[in-house]
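Colleague: I would like a close look at a single part of this model, please, explained for someone in their first year. Here is what I have on my screen.

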Amino acid sequence: MAAAIAKIAGVALAPGISKNRRLYTAPMIERMVSRAQERIKAGTAPLTMLTHHAAEDDSSRIVGRITKITFDQDSGAANYEAEIADTDHGRTIAQLADTGGGDP
């Protein structure tokens with residue numbers, strides 16, 4: 001991945017019905033977080049971030065990678081931290097995320 005230009009954090013997924021009409025429960029999210037943590041720790045299968053869901057396998061739309069994911073017991077949500085790559089799309093996402101750019 002290109003050098004990181006920004007770090008962002010937020011809620012990756014919260015319990016409820018998503019915009020694509022899928023039901024996510026806290027136990028489902030907790031299992032997802034556990035699997036994602038294993039992938040991050042192993043470092044063999046990065047959790048990439050794309051510009052949008054429809055980007056599918058378009059590698060030019062990769063804008064960053066998840067570096068940390070945790071489960072919030074109180075809310076049932078998955079929280080993440082990520083690095084945004086210094087690419088055209090990455091710079092656009094960093095500006096939209098209002099990270100201020102600069103050093104991560």
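Let us take the largest pocket: how many of the residues in its lining are nonpolar, how many polar and how many charged?

Modeller: Happy to help! This is a predicted model, so local features need a pLDDT of at least 70 and side-chain atom pairs count only at pLDDT 80 or more, while totals for chains, interfaces and linings use all residues. Residues are numbered from 1 along each chain as its sequence is written, and side-chain values use heavy atoms, with hydrogens and water left out.

Now to your question. The lining divides into 17 nonpolar, 6 polar and 4 charged residues. In this sorting, Ala, Val, Leu, Ile, Met, Phe, Trp, Tyr, Cys and Pro are nonpolar, Asp, Glu, Lys and Arg are charged, and the others, Gly among them, are polar. In total, 27 residues line the pocket, and those that lie nearest its centre are Ala-12, Leu-13, Thr-48, His-53 and Ile-66. Strand 1 (4-13), helix 1 (26-42), strand 4 (48-50) and strand 5 (62-71) are the elements that each give two or more residues to this lining. Helices (H or I, at least four residues) and strands (E, at least two) are DSSP runs, numbered from the N terminus.

The volume of the pocket is about 1200 Å³. A pocket is found on a 1 Å grid over the protein atoms alone: it is an open set of points where a 1.4 Å probe fits, with protein on both sides within 12 Å along at least five of seven lines, and lining residues have an atom within 4 Å of a point. The points are joined across faces, edges and corners, and the volume is the space filled by probe spheres set on them.

Let us look at one of the central residues, Thr-48. Thr-48 sits in strand 4. Is Thr-48 buried, partly exposed or exposed? It counts as partly exposed, because its relative accessibility is 41%; buried means under 20%, exposed over 50%, and partly exposed is in between (1.4 Å probe, protein chains only). Apart from neighbours within four places in sequence, Thr-48 is in contact (heavy atoms within 4.5 Å) with Ile-62, Gly-64 and Arg-65. Thr-48 and Ile-62 are 14 residues apart in sequence, with their C-alpha atoms 6.5 Å apart in space.

Ile-66, another central residue, takes us to the nonpolar core. Of the 17 residues in the largest nonpolar core, Ile-66 and Met-49 touch the most other members. Such a core is a set of buried Ala, Val, Leu, Ile, Met, Phe, Trp, Tyr and Cys residues joined through side-chain atoms within 4.5 Å. Strand 1, helix 1, strand 5 and strand 6 each give two or more residues to this core. Beyond residues up to four places away in sequence, Met-49 touches a list of residues that includes Ile-8, Ile-62, Ile-66, Tyr-80 and Ala-82. Arg-61 and Arg-65 are also among the residues that Met-49 touches, and each of these two arginines leads us to a salt bridge.

Side chains of opposite charge can pair when their charged atoms come close. Here a salt bridge is a side-chain nitrogen of Lys or Arg within 4 Å of a carboxyl oxygen of Asp or Glu, and by this rule the count comes to 4. Arg-65 pairs with Glu-83, at 3.1 Å from N to O. This pair links distant parts of the chain: Glu-83 is in strand 6 (residues 78-85), Arg-65 is in strand 5, and they are 18 residues apart. Glu-83 is buried because its relative accessible area is 17%, whereas Arg-65 counts as partly exposed at 33%. Arg-61 pairs with Asp-58, the closest N and O atoms being 4.0 Å apart. Both partners are partly exposed: Asp-58 has a relative accessibility of 34% and Arg-61 one of 28%.

One last stop is the loop between strand 4 and strand 5, where we find Glu-56. Most residues other than glycine have a negative phi. Glu-56 is not a glycine, yet it has a positive phi of about 45 degrees. Glu-56 counts as exposed because its relative accessible area is 63%.
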